[in-house]
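Dear colleague,

Please find below the structure that I am handing over to you, followed by a short account of what was found in it. I would be grateful if you would read the account with the structure open.

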Amino acid sequence: MKERKIVELKLISTDKKYTFLAVPVNSNFVEKEKENLDTPLNEIQSVPEIISQDVPEIASQDAPEIDSQDVPEVSLQDAPERVTSEQEILKVEGLEVNYGVIRAIKGIDFHVNEGEIVTLIGANGAGKTTTMQSIVGLIPKAAGKVAFEGTDITKTPCHKIAHLGMTQVPEGRRIFQELTVYENLLMGAYSNKDKASIKADIEEIYVRFPRLAERKNQIAGTLSGGEQQMLAMGRALMGHPRLLMLDEPSMGLSPLLVDQVFEIIKDINKGGTTVLLVEQNAGKSLAISDRAYVLENGEIVLTGTGKELSESEMVRKAYLGG
Ligand SMILES: Nc1ncnc2c1ncn2[C@@H]1O[C@H](COP(=O)(O)OP(=O)(O)OP(=O)(O)O)[C@@H](O)[C@H]1O
Ligand SMILES: [Mg+2]
């Protein structure tokens with residue numbers, strides 16, 4: 001059996017060169033890996049590090065060192081430009097996304113205020129996932145502006161965005177299938193180097209998700225769909241995001257689990273985390289949302305409070321079964 005090794009990718013910047021280095025989680029560089037570096041370690045330790053949290057399949061690869069020519073240059077000195085009011089945690093303006101000649105997102109505007117739960121509802125193919133992934137820099141934007149807490153992040157690469165305080169739980173959950181529940185949670189603590197606080201955070205996750213506590217040593221790939229959703233949310237919370245973005249957390253779950261997941265989202269929000277939700281389940285999501293937007297064919301066609309939209313005739317007909 002292949003030996004399992006938890007690794008994270010560290011982005012190492014040496015002048016203009018960027019290198020990804022896989023190192024064991026929560027440890028300092030081991031001797032062998034130091035030899036691979038042609039830069040003194042003290043220089044390296046002074047630069048920020050990342051784990052490619054949004055692309056876990058890359059992060060879990062066992063490659064010792066990956067040269068990445070494509071990683072865009074990031075200037076740490078760039079002063080953030082304040083472009084939104086204080087209470088808007090996320091502001092999206094004129095966002096356009098194309099897949100080749102197909103216009104998937106046709107210039108949408110929406111915002112999320114601090115403390116809110118905001119939902120984008122829409123049918124299959126409306127552009128919900130595309131919107132979310134382009135916000136976090138996983139899909140290129142053709143036009144438009146995105147600001148997080150007043151900072152323009154339109155051109156910020158995804159590995160930097162994860163460090164700003166917004167975390168995405170992607171569609172299909174994307175947990176590390178081969179690792180245990182506990183190891184998956186550890187991966188969510190990528191930016192925390194304090195062992196005691198990581199331990200406390202994991203205990204907190206176990207309190208919120210008792211199912212995960214019971215299964216801490218279980219291989220994540222053998223968890224049920226609902227448990228995997230809880231693990232994905234737990235892992236995201238390990239990074240203490242101020243904005244949590246969830247792409248169809250209710251997908252594929254039994255009605256009972258759907259209710260549980262929405263209760264948990266409400267609870268996370270009560271704890272002070274702002275939530276942007278993307279959902280096909282309009283009924284449940286509107287019921288917990290402060291505000292919502294209806295996305296159809298890449299355009300926002302309606303917006304209002306959760307209550308207003310759940311009472312709207314158009315929403316009732318198209319999304320709530322009459
Ligand atoms: N990589 C791609 N290449 C070409 N077209 C794409 C690609 N990804 C998505 N699309 C198209 O863009 C549109 C929006 O897709 P998206 O995945 O954002 O929809 P969605 O609202 O998340 O749907 P679902 O509820 O089914 O997840 C769809 O028509 C889809 O076929
Ligand atoms: Mg989707």
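Two strands are taken to pair if DSSP finds at least two bridges between them. With this in mind, please note that the model is predicted.

Confidence

The mean pLDDT of the chain is 78, and 73% of its residues reach 70 or more. Over residues 1-85, however, the pLDDT is below 50. In the model this stretch nevertheless has 103 contacts beyond near neighbours in sequence.

The four-stranded sheet

In an open sheet of four strands, the order is β5-β4-β7-β8, and the pairing is antiparallel. The edges are formed by β5 (102-113) and β8 (151-152); each has a single partner strand, so one side of each is left without a neighbour in the sheet. The partner of β8 is β7 (residues 143-148), and these two strands pair in the antiparallel sense over two bridges. Within this pairing, Phe148 has Thr151 of β8 as its bridge partner. As a general point, strands of a sheet pair through backbone hydrogen bonds, either parallel or antiparallel.

The surroundings of ligand 1

Ligand 1 is surrounded by 13 residues, of which the closest are Tyr99, Asn124, Lys128, Thr129 and Thr130. By character, the shell divides into seven polar, four nonpolar and two charged residues. Both β5 and α4 (128-135) supply at least two residues of this shell. The element that gives the most is α4, with three residues.

Helix α4

The helix that contributes to the ligand shell is also worth viewing for its burial. Eight of the eight residues of α4 are buried, so the helix is largely enclosed by the rest of the structure. The buried residues are Lys128, Thr129, Thr130, Thr131, Met132, Gln133, Ser134 and Ile135. Just after α4, Gly137 takes a positive phi of about 80 degrees.

A parallel pair of strands

Strand β9 (residues 166-169) pairs with strand β10 (residues 243-247) in the parallel sense, over four bridges. Opposite Val169 stands Leu246 in β10. In a regular strand the side chains alternate between the two faces of the sheet. For β9, both faces are covered: Met166 and Gln168 are buried on one side, and Thr167 and Val169 are buried on the other.

When you examine the model, may I ask you to keep in mind that the pLDDT is below 50 over residues 1-85.

With kind regards

Notes
Residues are numbered from 1 along each chain as its sequence is written. Chains are lettered from A and ligands numbered from 1 in the order in which they are written. A residue is near a molecule or strand if its C-beta atom, placed from the backbone, lies within 6 Å of it. Ala, Val, Leu, Ile, Met, Phe, Trp, Tyr, Cys and Pro count as nonpolar, Asp, Glu, Lys and Arg as charged, and the others, Gly among them, as polar. pLDDT is the predictor's confidence in each residue, from 0 to 100. Two residues are in contact if their C-beta atoms, placed from the backbone, lie within 7 Å. A residue is buried if 20 or more other C-beta atoms lie within 10 Å of its own, exposed if 12 or fewer, and partly exposed in between; C-beta atoms are placed from the backbone.
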